[in-house]
Amino acid sequence: MSEKCFYCTEEIVEKQLHYVSFFSENTERDEALCDECYQEWLHGLKG
């Protein structure tokens, strides 16, 4: 079973799968990101 990226909705190769936690309205959810979207997400954290 393959995962789809939360942002770009592309299928993710297993070695390129990253899970990140998002907090919204006092709830936490884990979403899968591909390598490219994960790198952009990390860059966004740095500011």
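How far apart are the end C-alpha atoms of helix H1, and what should its twelve residues span at 1.5 Å a residue? In this predicted model, the end C-alpha atoms of H1 are 17 Å apart. The helix covers residues 35-46. At 1.5 Å a residue it should span 16 Å, so the two values agree.

**After the helix and in the loops**

Gly47 comes just after H1 and takes a positive phi. Two residues that are not glycine also have a positive phi: Thr9 and Glu25. Thr9 is in the loop between strand E1 (3-4) and strand E2 (11-12). Glu25 sits in the loop between strand E3 (18-24) and strand E4 (27-33).

| Residue | Place | Phi |
|---|---|---|
| Thr9 | loop between E1 and E2 | about 60° |
| Glu25 | loop between E3 and E4 | near 50° |
| Gly47 | just after H1 | about 90° |

Is Glu25 buried or exposed? Its relative accessible area is 75%, so Glu25 is exposed; the cut-off for exposed is over 50%.

**The core**

The largest nonpolar core has nine residues in all. They are Cys5, Ile12, Val20, Phe22, Ala32, Leu33, Cys34, Cys37 and Tyr38. At least two residues of this core come from each of E3, E4 and H1.

Tyr38 is one of the core residues. Which residues does Tyr38 contact, leaving aside its neighbours within four places in sequence? They are His18, Val20 and Leu33. Val20 and Leu33 are also listed in the core.

Terms used. Residues numbered from 1 in each chain as written. Predicted model: local features only at pLDDT ≥ 70, side-chain atom pairs only at ≥ 80, totals over all residues. Heavy atoms only, no water. Helix = DSSP H or I, 4+ residues; strand = E, 2+ residues; numbered from the N terminus. Buried < 20%, exposed > 50% of the residue type's maximum accessible area, 1.4 Å probe, protein only. Expected span 1.5 Å × (residues − 1). Core = buried A, V, L, I, M, F, W, Y, C linked by side-chain atoms within 4.5 Å. Contact = heavy atoms within 4.5 Å.
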